[in-house]
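Visitor: I should like to learn how the features of a protein model are read. May we go through one together?

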Amino acid sequence: IREALEAGEIEAPPESSPSADSIWRPAVAVARTLRRLGIGWGRERYAAALRALTDGTYVAGVRHHEDEDPDAEAGRREARAREAAPLARLLAHLLQITPAVPELGNIAPVRSSMPRLATATLGYLDLVRANGQAEQRSMARLRGRLERLADSDEPERGFGSAITALREALADLRAWSDVSDQDKPWAASGGAVHLTDMAHAGTTGRPRIFVVGLDADRAGGARLQDPIFVDAMRYAAADTGLPPSTVRADEHRWRLLTMLATLRGRVSLSYSVSGSDGRDAAPSGALLGAYRAHVRDAGVSYDEFVHALGTPACAVPDNTRSALDTRDVWLASLIDGALLLDGASAVRAGFPRTEYGLAAREALDGDTLCDHHGLVPAAAGLFSPTLNAGRPLSPSALELLARCPRAWFYSYALGLRKQDEAAYDPDRWLDAMQRGSLLHLVYERFAREYAGKQEQIVDDAARARMAEIVDAAIAEVEADVPSPSRTVFEAEWRELRQSANAFLEMERDALLRDGGRWESFEVEFGFGEPAYLDLGDGQQLSVRGRIDRVDRMPDDTLRIIDYKTGSVSRFRRNPKDAPYKGGRQLQPAVYLLAAGEQLGASITQFEYRFPTVKGENAIVPLTAAESHGAVGVIASLLEHLDEGTFVATTDDSDCRYCDYATICRVRNVGTADFVKIESPLATWAAARGPDLPQYAGMHARREVTK
């Protein structure tokens, strides 16, 4: 639906009684709203999306931005309401006309009928725009056929059978590319190419005939046996009338030769020198026979025949005098005998905006490190949190800077974000991030409920309460994220319950071991009141973060807990690793060094906890005494921002889970999967296009390669 809207093939139904201040919304804007809803699949989810559009839930989802005045927020709400109206009309129309259909992940049989599906197709045609007289007449003929089918008394049958019957009933319908009041659209008009099949080739009466597709694979008939009903079985069941492969090939050749014998006038025979699979193709035996008859020499070999054919014909004309349109003129100007000339200078002159993309392509293919590889002198210091107060960095931002400076530049400087798409995966419901967010929510809710009465978590009632919290959280997520099937959903539901129970067992053991008491949850620092990390030499780094949980220890010090729901392997310490894994694991140190003032007490320990079946309830600790060495690592990372050096990583493991891996590491890949987030930084980057050719080049390169 979204692609049909973006291509201009369909549009939302008009308002029944438009108001004076109603604004027409282009189809692309409606498609953008549809994408933002993230519906996925299934009638129920479309119905839920329609309710959200009509009952105000979608408009109420507008979030307040920091430093935004009320008028600006109200304006965004009004804009969202205008977006919702046409999409609501479109979804309501589609839900009304669409009968029951087989749904992804649901094996229940669905019955339908050809008249019912024909009626639904008529309803869909109400959304389709016909451009020009030819399309309008074709649409009228299609509607007439569908109306007759809708009025028929075809019986109900399985959905697959019903849709097949509808396709067969429409199979002989033709759409005419050119019509006039004088000529019938099905007539062979003079001055125009008339296409026909092999059986009717000799009946057109045309003096000039082209027979195409005479390569050995297509013109020779089937060369392989039917894999289901092989020739041995066909010979054994001769009375069934099913011919073996050799007989079918002879029949095909006979039809081809019969067609060629009926042709009159000047006939051109041709074959494609490249097959559908990209391999070279050979001429058929019929072509060789025709050439032998033409030269009156039955002894001509295949090699002599191919040599006599000469250079294959193609889309490039021999010279500009034989060009039929501007495309031919362009192609003809690029050839010099057997050589293909470089047309980049002409492209640059005719399309100046492609200069960014072409320059980026040439620079990336070159051996000199430059701004297209990430050396951006114009950005030196502009994103430095030490030089520009008020721009705090989170630990995740510092860790991304350590993994790949160019990915950091795309994310934090240019504001590029990967589009979230609801993709159907028959074997998975939640991805790693969605699963982690759900478990974090479960852990937080359970701990909040039992804070102050932590000793009760050892009771059986606590396990029952945990199950209730898990089920409630899963129900909330299921409303937003569609599951592919009940089987997959129930398997992941059991796994989530097991992880919740693993958390409970881990906390029971910790309570008996060290006596830490849950004190606060989802604690933010550096968002309101600034938090700083002292880098020495009078420099301070403004940082911010969110802490999953803070525990009060028996000695009145604090312990910070961060939940991890994945594997523990990349978090374990290895003596061979660089300090803090080269900056890829700075979160513990930043929390220990910067959050103490806001929490109002001394923080002595940080723990990564892995309270899942996969994580095996592992704990990776870091003490405050071990965290001070991180300052030097952080200071070295910030040199990238101070100097404007954002060169991509050379470690493939850094790219494994990176949203920017395709445009960082793989050349000639556009940014179709990325959306620009409007922000002051992104606006700055767009305004400084010539100074940041990598940014402009990403979009221009996409146009060139496509």
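**Reading a predicted model**

Guide: Leu91 is buried, because its relative accessible area is 1%, and a residue counts as buried when this value is under 20%. Please keep in mind that the model is a predicted one.

Visitor: Where is Leu91 found, and which residues does Leu91 touch?

Guide: Helix H5, residues 70–97, contains Leu91. Leaving aside residues up to four places away in sequence, Leu91 touches Leu34, Ile39, Tyr46, Ala49, Leu50 and Leu53. Its C-alpha atom is also 9.7 Å from that of Pro13, although 78 residues separate the two along the chain.

Visitor: Is Ser483 buried or exposed?

Guide: Ser483 counts as buried, since its relative accessibility is 17%. Ser483 belongs to the loop between helix H20 (460–480) and H21. Trp41, Trp429, Glu478 and Phe489 are touched by Ser483, again not counting residues up to four places away in sequence. From C-alpha to C-alpha, Ser483 and Gly40 are 9.3 Å apart in space, yet 443 residues apart in sequence.

Visitor: What share of the contacts in the protein joins residues 24 or more positions apart?

Guide: Of the contacts with a separation of 6 or more, 69% are between residues 24 or more positions apart. As for burial, 38% of the 706 residues in the protein are buried.

Visitor: How should confidence be taken into account?

Guide: Where pLDDT is low, the predicted coordinates should not be read in detail. In this protein the average pLDDT is 83, and 88% of the residues score at least 70. Among the elements, helix H6 (residues 114–125) has the highest mean pLDDT, 96, and helix H28 (residues 693–705) the lowest, 32. Over residues 665–706 the pLDDT stays under 50; the model has 92 contacts beyond four places in sequence for these residues.

Visitor: How many helices and strands does the protein have, and how are two packed helices described?

Guide: There are 28 helices and 15 strands. Two packed helices are described by the angle between their axes and the distance between the axes. Helix H12 (residues 285–295) and helix H13 (residues 302–309) pack at about 75°, and their axes are 11 Å apart. H12 and H13 are therefore roughly perpendicular to each other, as angles from 65 to 115 degrees count as such. Gly285, Leu287, Leu288 and Tyr291 of H12 meet Tyr302, Phe305 and Ala308 of H13.

Visitor: In what order do the strands of the open sheet lie?

Guide: The order of the 5 strands is E8-E11-E12-E13-E14, with mixed pairing. Strand E8 (517–525) and strand E14 (618–623) are at the edges; each has a single partner strand, so one side of each has no neighbour in the sheet. From one strand to the next, the twist averages 30°. Strand E11 (residues 545–552) and strand E12 (residues 558–563) are antiparallel and pair over 4 bridges, and Val550 has Ile560 in E12 as its bridge partner. E13 and E14 also run antiparallel, joined by 6 bridges, and Glu607 has Pro621 in E14 as its bridge partner. Helix H21 (residues 486–514) lies across E8, E11, E12, strand E13 (603–610) and E14, at about 150° to E13.

Visitor: Which side chains along E14 are buried?

Guide: The side chains of E14 alternate: Ala618, Val620 and Leu622 point to one face and are buried, whereas Ile619, Pro621 and Thr623 point to the other and are not. In the loop between E13 and E14 is Asn617, which has a positive phi of about 55° although it is not a glycine. Asn617 is partly exposed, as its relative accessible area is 25%.

Visitor: How is a nonpolar core to be read?

Guide: In soluble globular proteins, nonpolar side chains tend to be buried together. Here the largest nonpolar core has 59 residues, and Trp408, Leu541, Leu586 and Ile634 have the most contacts inside it. Helix H25 (residues 630–643) gives the most to this core, namely 7 residues. Another core lies apart from it, with 29 residues, including Tyr450, Val470, Trp518 and Phe521.

Visitor: Which residues does Trp408 touch?

Guide: Beyond residues up to four places away in sequence, Trp408 touches Phe383, Leu393, Ala397, Leu400, Leu401, Ala413, Leu641 and Phe646.

Technical notes
Residues numbered from 1 in each chain as written. Predicted model: local features only at pLDDT ≥ 70, side-chain atom pairs only at ≥ 80, totals over all residues. Heavy atoms only, no water. pLDDT = per-residue confidence, 0-100. Helix = DSSP H or I, 4+ residues; strand = E, 2+ residues; numbered from the N terminus. Contact = heavy atoms within 4.5 Å. Pairing = 2+ DSSP bridges. Axes fitted to C-alpha atoms, helices over the stretch in contact; angles between N-to-C directions. Core = buried A, V, L, I, M, F, W, Y, C linked by side-chain atoms within 4.5 Å. Buried < 20%, exposed > 50% of the residue type's maximum accessible area, 1.4 Å probe, protein only. Parallel < 35°, antiparallel > 145°, perpendicular 65-115°, else oblique.
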